[in-house]
Structures are given as structure tokens and as C-alpha cells.
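Could you walk me through this structure in my viewer, one selection at a time? I would like to know what to click on next and what is there.

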Amino acid sequence: MLSARFGSAPPPEPVEVVFHNPAVATSNLEFSAKAAAWDTVDESLKTFAHMAVAAQVGCSWCLDANYFAALDQSLDLDKASQVPVWRASTVFTPLEREVLEYSEAMTNTPPTVTDELSASLLDQLGPAGLVELTVFIGLANLSTRVNTAHGITSQGCSEACRIPLAERPRTVGTGVA
């Protein structure tokens, strides 16, 4: 499956690193494949959510790979390129903006998800959709934090895309991107 997604290139670095523990690698790949099959929430919302988490955590590998995924899924690359600066961008729909806000709120330590934001997403996505989105964002946090802790960085996947990613402004003094 990975060779189909990444062509004949060597496995992506996160896979190489995690295979130092084959049981962990196998479980991670199996669960990731199952999560990829979830279809209650639109794929663009999940891709943008993962990109928002990656931008906030600082996982250049995840941001790069998800931008390439946006290209592969024929998503709106103009929007994808603006995820790191979504608050200042005008390209996102109200639902997309709420998903991006929710992604960041879940990523904050401690999380800053509000009842109002959850209720709004529940109204728009339904119970199954909110559960799927929440778990998906949790998985995005897992992958971004593991990759960052392992020192895994971008491998140039997004170089195939026509629009460069916007760089997220750094918050001075906090260490948070």
C-alpha cells in the first residue's frame, strides 16, 4: 500500500524509524489504514485538520505529506496552501474555519475546546461526524508529535505541488508556531 502512495521511492522516514519496533509499526500502519477508510467527514476537512495540527506542532513532514495528499485527492490547493495561516486567510468556508479552530484547540496543551465550538460542529457534522473528526485530530496529534520527537522532517513531497505552503507566523517567546 505504501509503495502505491509513494511510488518506487524508499519508505517515508517515519515508517523507517517506527520499524525499529516492528510490533508498533505494524499496529500503527493497520490503525492508520483503518482510519483512512472512515468516510463520515469530508476528506478535505480531515486533511486540512491534520495540516492545522502539523503547522501548530511544527511537524514539517506531516504538513508536507498532507499537502501532497491534498494534491493527490484533488482538493483545493489554494486552500491547502493557506492552512498554516488560516486565521488571516479569506479562502475558507465557515465550517472549514471551525474545523481548523477545533484542530488547534485540541492541539493546545491543555486543550481549549469550548462547548460552543463542539456544539456548532455537532450541529453541522452530526454525532458520528464529530466523533470521527475528534479521533482523527487525536491521531494527527499522535503522528505529528511522534515525528517531531523523532526529529523527522519534510522529505519534499510537496515539491510536486504548484503552490508553496504559507509559512505559519511564529509566536514570539512561546515556542509555539
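Start by selecting V85, in the loop between α6 and α7. Keep in mind as you go that this is a predicted model. Is V85 buried or exposed? V85 counts as buried, because its relative accessibility is 19% and the cut-off for buried is under 20%. Now add A52 to the selection and draw a line between the two C-alpha atoms: V85 and A52 are 9.0 Å apart in space, with their positions 33 residues apart in sequence.

**The whole chain**

Zoom out and colour by secondary structure. You will find eight helices and zero strands, so a label for each element from the N terminus on reads α-α-α-α-α-α-α-α, following the way helices are assigned. If you shade the chain by accessibility, buried residues come to 41% of its 177 residues. Contacts tell you about the path of the chain too: of those with a separation of 6 or more, 68% are between residues 24 or more positions apart.

**Helix α7**

Next, select residues 94-107, which form helix α7. This helix has 14 residues, and its first and last C-alpha atoms are 20 Å apart, close to the 20 Å expected at 1.5 Å a residue. Show side chains for its buried residues: E96, V99, L100, Y102, S103, E104, A105, M106 and T107. What covers them? Display α4 (43-57), α6 (77-82) and α8 (115-149), which are among the elements that do.

Stay in helix α7 for a moment and pick out E96. E96 counts as buried, with a relative accessibility of 9%. Leaving aside residues up to four places away in sequence, E96 touches L45, F48, K79 and V91.

**A cis bond in the loop after α7**

Move on to the loop between α7 and α8, where you will find P110. Look at the peptide bond that joins T109 and P110: it is cis, with omega about -5°. For context, most residues other than glycine have a negative phi, and most peptide bonds are trans.

**Where α4 meets α8**

Hide everything except α4 and α8. Two packed helices are described by the angle between their axes and the distance between the axes. Here the axes of α4 and α8 come within 9 Å and cross at roughly 35°, and the crossing is right-handed. By class, this contact is made up of 10 nonpolar, five polar and three charged residues.

Which residues should you show as sticks? On the α4 side, choose L45, K46, A49, H50, V53, A54 and V57. Their partners in α8 are L125, E132, L133, F136, I137, A140, N141, S143, T144, R145 and T148.

While α8 is on screen, click on G138, which lies in this helix. G138 is partly exposed, with a relative accessible area of 35%. Its C-alpha is separated by 9.3 Å from that of H50, although the two residues are 88 residues apart along the chain.

**Helix α5 and the residue after it**

Bring back α5 (60-72). The 13 residues of α5 should span 18 Å at 1.5 Å a residue, and the end C-alpha atoms are indeed 18 Å apart. The buried residues to colour in α5 are W61, C62, L63, D64, A65, N66, Y67, A69 and A70.

Follow the chain out of α5 to S74, in the loop between α5 and α6. What is the sign of phi at S74? The phi of S74 is positive, near 60°, in a residue other than glycine. S74 counts as exposed, at 66% relative accessibility.

**Last stop: two cysteines**

Finally, select C59 and C62 and show their sulfur atoms. A disulfide is a covalent bond between the sulfur atoms of two cysteines. How many disulfides does the structure hold? The structure holds zero. Why are C59 and C62 not joined in one? The sulfur of C59 has its closest cysteine sulfur in C62, 3.1 Å away, which is too far for a bond because a pair must be within 2.5 Å to count. Both cysteines are buried: C59 has a relative accessible area of 0%, and C62 has one of 1%.

Note on methods: Residues numbered from 1 in each chain as written. Predicted model: local features only at pLDDT ≥ 70, side-chain atom pairs only at ≥ 80, totals over all residues. Heavy atoms only, no water. Helix = DSSP H or I, 4+ residues; strand = E, 2+ residues; numbered from the N terminus. Expected span 1.5 Å × (residues − 1). Buried < 20%, exposed > 50% of the residue type's maximum accessible area, 1.4 Å probe, protein only. Contact = heavy atoms within 4.5 Å. Axes fitted to C-alpha atoms, helices over the stretch in contact; angles between N-to-C directions. Left-handed = near helix turned anticlockwise from the far one by under 90°. Nonpolar A, V, L, I, M, F, W, Y, C, P; charged D, E, K, R; others polar.
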